[in-house]
Amino acid sequence: MFGPNTYTSHESKVEYSHRDRSFIDLFERVSNKFSDKFDLSDYDILFIPGSGTVGIESVFYSSKHPIKVIGHKGIFKTKWELFSQSYSKDRERKSDIELFCQLETSESAIFEKENCIVDAISSFPYYLPPKTSNIFVTCTNKQLGGFPGLAIVGVKKNYWDHLKDSKEFSYLNLSRYLEYHNINQTPHTTPTQIFEHFETVIDNFQIEKLKNKIKDNSKKVVEAIGSNNVIGELICPVISIEKKHISDSIANKYNLYGLTTKNPYYQIFTYACKNEDYDAFTLDLKNENSSL
């Protein structure tokens, strides 16, 4: 519970093909609405099938130059460094191509730098990428509240010279997605129901409501567990807590994120569930602590 994907429910039907006019019109609406909602007119918005991780790999694959990973240490920085090692061979060296994880959830740590490539998978849109970012990557699920299954890659319209052209055949090649994007299609069979749901999400999305929810639930959790027992940011889309500070009974009752892993901490994503769920969880924490 309180994991990184927003809990959502939605009836969906597959009633047309990804090559039908219905989907072409849907794709155009979703792309434009997403760009307008978050003031991203300087970017080409691409939808890549899979998780945000696939979106990150598509950036490493597509770059003409090696990409240096910077920012806070953590699980995701380590993963992206492995991509960097895999995709840096035989590429023209250019020293200023850098990528960072804006919110390293394994440490609840924020990092920002101008003129970079941004992993905004867990940060968007509570933290927006710097306006000078050359590329950003996020996804339809997590804070945005859509279904898992689509990465979103925004490429600055003046940055395409740094990326491979579409001649190299790969479903990681961002230039191929741009060609299809320009005709409101995708180069692959795509989950039309995810686009349908995501349009509804964008239509109803309110950034201030999300920010207030994250702030309020962060404060509840930190107050209940104690600020000294929190790793990293105290007001954040994810609150990280060492496992020793939460009893096994509460961890099992709420099936906390991290319960089945060897990581030494639990993570409470403060946007994922209903506010009442955070109320119940923090009340149990307070009651347990008061009885000690």
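Two strands count as paired if DSSP finds at least two bridges between them. Keep that in hand for the exercises below, which all work on a predicted model.

**Exercise 1. Work out how the sheet that holds S10 is put together.**

Step 1: get the order. The strands run S9-S10-S11 in an open sheet of three, with antiparallel pairing.

Step 2: check one pair against the cut-off. Strand S10 (residues 238-242) and S11 are joined by five bridges, and the bar is at least two. The two strands run antiparallel, and Gln267 in S11 sits opposite Ser240.

Step 3: find the edges. Strand S9 (230-231) and strand S11 (265-269) each pair on one side only.

Step 4: see what lies on the sheet. H6 goes across S9, S10 and S11, at about 15° to S10.

**Exercise 2. Trace the sheet that holds S8, and say how covered S8 is.**

Step 1: lay out the strands. Here you have an open sheet of six, in the order S1-S8-S7-S6-S3-S2, and the pairing is mixed.

Step 2: look at the ends. S1 and strand S2 (68-70) each have a single partner strand, so one side of each lacks a neighbour in the sheet. On average, neighbouring strands are turned by 25° against each other, direction ignored.

Step 3: go through some pairs. S1 and S8 run antiparallel and share seven bridges; Asp44 has Val155 in S8 as its bridge partner. Strand S7 (residues 135-139) is also antiparallel to S8, over five bridges, with Cys139 opposite Ala151. S2 and S3, by contrast, pair in the parallel sense over three bridges.

Step 4: check the cover on S8. Seven of its seven residues are buried. On one side those are Leu150, Ile152, Gly154 and Lys156, and on the other Ala151, Val153 and Val155.

Step 5: add the helices. Helix H2 (residues 52-62) lies across S1, S2, S3, strand S6 (117-119), S7 and S8, at about 160° to S7. The buried residues of H5 pack against S8 too, along with helix H1 (21-37) and strand S1 (43-49).

**Exercise 3. Compare the span of helix H5 with the expected one, and list its buried residues.**

Step 1: take the length. Helix H5 (residues 192-204) has 13 residues, and its first and last C-alpha are 19 Å apart.

Step 2: compare. At 1.5 Å a residue you'd expect 18 Å, and the helix comes close to that.

Step 3: list the buried positions. They are Thr192, Ile194, Phe195, His197, Phe198, Glu199, Val201 and Ile202. Phe198 also turns up among the residues with the most contacts inside the largest nonpolar core.

**Exercise 4. Explain why Cys139 and Cys273 are in no disulfide.**

Step 1: recall the chemistry. A disulfide is a covalent bond between the sulfur atoms of two cysteines.

Step 2: apply the cut-off, which is sulfur atoms within 2.5 Å. The closest cysteine sulfur to that of Cys139 belongs to Cys101 and is 12 Å away, so it is too far for a bond. For Cys273 the nearest is the sulfur of Cys236, 16 Å away. The count for the model is zero disulfides.

Step 3: check exposure. Cys139 is buried at 1% relative accessible area, and Cys273 is buried at 3%.

**Exercise 5. Place Leu256 and Thr270 in their surroundings.**

Step 1: start with the core. The largest nonpolar core has 57 residues, and Leu256 is one of those with the most contacts inside it. Helix H6 (residues 207-225) gives the largest share, six residues.

Step 2: list what Leu256 touches. Beyond four places in sequence, its contacts are Met1, Phe2, Ile246, Ala251, Tyr266, Ile268 and Phe281. Apart from this core lies another of 28 residues, including Val137 and Tyr159.

Step 3: turn to Thr270. This residue is in the loop between S11 and helix H8 (275-291), and it is buried, at 0% relative accessible area.

Step 4: pick out its partners. Setting aside neighbours within four places in sequence, Thr270 contacts Lys213, Ile214, Asn217 and Ser218, among others, and also Cys236 and Tyr278.

Note on methods
Residues numbered from 1 in each chain as written. Predicted model: local features only at pLDDT ≥ 70, side-chain atom pairs only at ≥ 80, totals over all residues. Heavy atoms only, no water. Buried < 20%, exposed > 50% of the residue type's maximum accessible area, 1.4 Å probe, protein only. Core = buried A, V, L, I, M, F, W, Y, C linked by side-chain atoms within 4.5 Å. Helix = DSSP H or I, 4+ residues; strand = E, 2+ residues; numbered from the N terminus. Contact = heavy atoms within 4.5 Å. Axes fitted to C-alpha atoms, helices over the stretch in contact; angles between N-to-C directions. Expected span 1.5 Å × (residues − 1).
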